[in-house]
Amino acid sequence: MIYLDNSATTRPSDGVVRAMTAALTDTWANPSSVHGAGGEAKRILDSARDTVMNALGVKRKSDGRIIFTSGGTEANNLAVFGVARAKNRPSKNGSRGIVMISDGEHPSVDNPASVLESEGFTVLRIPTKNGVLDLDFIKEHATSDVIFASIMLANNETGAVYDVRSASDIIKSASPSAVVHADCVQAFMKMKFSPASLKADAVTVSAHKICGPKGVGALFITEEIVRTKRLVPTVFGGGQEEMRRPGTENLPGIAGFAQAIREATAEFDMRCDTLNKLRAEADSALGKLSEIRINKPAEKYLPGVINVTLPKIKSETMLNALSGRGICVSAGSACSARQAHVSRALLAFGLTKDEADCSLRISMNHENTPADVAALAEALAAECARLQRIRR
Ligand code: PLP
């Protein structure tokens with residue numbers, strides 16, 4: 001199998017599997033239990049919390065908190081609803097406040113924002129044409145009524161990296177109490193950033209995009225958010241995660257997450273270097289296929305994510321053809337892959353509906369090789385020719 005769907009998920013490393021197995025078989029006690037076995041489990045939990053914090057470049061423990069969740073989706077929901085519900089301000093002009101998100105957000109931000117819209121909040125979607133966040137739009141629309149903004153650092157379908165820092169600057173100068181959240185699920189451990197460098201008050205990360213397990217993620221919030229009580233829980237129960245996300249923590253998953261981070265940290269430069277080289281190979285090999293267009297973001301992008309538009313061949317048709325040759329890619333984000341709807345992120349990028357319907361996402365990680373890229377280019381060329389022949 002040639003796996004080129006690393007934005008959907010990644011293969012857990014051997015070290016991750018070992019760390020998870022140890023947490024399942026040795027330190028399986030409840031980290032909230034006060035006995036010795038619980039204490040041992042708690043040490044793993046605390047150490048993992050420090051690991052996530054360090055990886056986010058948060059220098060002092062007192063600068064913020066890590067809230068473990070069941071993944072990026074839950075962390076994003078907690079950020080959106082947790083901040084909106086904490087802002088109990090009276091209606092103004094019939095609106096409960098303005099929420100700004102980019103128009104390329106993952107559904108785990110976009111859908112909660114739509115729910116807020118139905119509850120009386122005004123949601124403004126910032127254009128991201130050609131993969132560039134429209135800062136002028138923010139300048140024009142950000143007022144003191146903005147309560148929350150959620151802007152992803154890297155887009156999961158195009159790899160475009162958005163200028164979260166400049167957006168935050170503009171939003172906070174119009175509305176100093178606005179909370180800025182960044183969904184960093186795709187960017188985490190692929191590029192250097194910190195909540196401070198993004199000027200973000202909250203940051204979402206997820207384990208399974210970095211060779212960790214599925215079903216584990218975290219929301220970082222700054223100490224300022226804690227102090228000013230600008231995030232309330234959305235799930236209620238016991239006292240875990242300081243009551244911000246009750247429920248017994250998924251310790252094996254969290255141990256695996258921490259191990260994945262340790263490995264990604266140790267190999268950060270090597271992985272970046274590998275991905276840059278693979279991207280150069282892919283741009284060159286796919287660039288030779290005249291009928292295929294690479295939808296390259298106009299400014300910064302993650303080298304591992306490549307979106308291409310095919311010559312009037314439906315994404316699903318090509319995806320199945322490549323799958324038959326043992327090559328795994330995807331038609332868009334994995335979570336919407338089985339639903340028949342056009343990718344919002346690609347429309348936002350500037351593709352027409354027909355083009356978006358005929359686009360593929362190829363996502364590489366450090367385990368891919370130049371041979372994988374060559375096999376993909378060869379298969380795409382052969383399948384384009386075959387499928388076009390059949391159509392005629
Ligand atoms: N945000 C982005 C940008 C993503 O790409 C994903 C997953 O694809 C998520 C959030 C959701 O993360 P999870 O799969 O951990 O729920």
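**Exercise 1. Work out whether Cys358 is buried or exposed in this predicted model.**

Step 1: Take the relative accessible area of Cys358, which is 10%.
Step 2: Compare it with the cut-off: buried means under 20%.
Step 3: Cys358 is therefore buried, because its value is 10%.

**Exercise 2. Find out how many disulfides the structure has, and why Cys272 has no bond to Cys211.**

Step 1: Recall that a disulfide needs two cysteine sulfur atoms within 2.5 Å.
Step 2: Start with Cys272. Its closest cysteine sulfur belongs to Cys211 and is 13 Å away, so the two are too far apart for a bond.
Step 3: Turn to Cys358. Its nearest cysteine sulfur, in Cys384, lies 10 Å away, and Cys358 is in no disulfide.
Step 4: Widen the view: a search of the whole structure gives zero disulfides.

**Exercise 3. Describe the order of the strands in the open sheet and name its edge strands.**

Step 1: Read across the seven strands: the order is 2-8-7-6-5-3-4, and the pairing is mixed.
Step 2: Look at the edges. Strand 2 (64-69) and strand 4 (122-126) each pair on one side only.
Step 3: Add the twist: on average, neighbouring strands of this sheet are turned by 20 degrees against each other, direction ignored.

**Exercise 4. Explore what surrounds strand 4: in which sense does it pair with strand 3, and which helix lies across it?**

Step 1: Strand 3 (residues 98-102) pairs with strand 4 in the parallel sense, over five bridges.
Step 2: Zoom in on Ser102, whose bridge partner in strand 4 is Ile126.
Step 3: Now find helix 4 (residues 107-118), which lies across strand 3, strand 4, strand 5 (146-150) and strand 6 (179-183). Helix 4 runs at about 145 degrees to strand 4.

Technical notes:
Residues numbered from 1 in each chain as written. Predicted model: local features only at pLDDT ≥ 70, side-chain atom pairs only at ≥ 80, totals over all residues. Heavy atoms only, no water. Pairing = 2+ DSSP bridges. Helix = DSSP H or I, 4+ residues; strand = E, 2+ residues; numbered from the N terminus. Axes fitted to C-alpha atoms, helices over the stretch in contact; angles between N-to-C directions. Contact = heavy atoms within 4.5 Å. Buried < 20%, exposed > 50% of the residue type's maximum accessible area, 1.4 Å probe, protein only.
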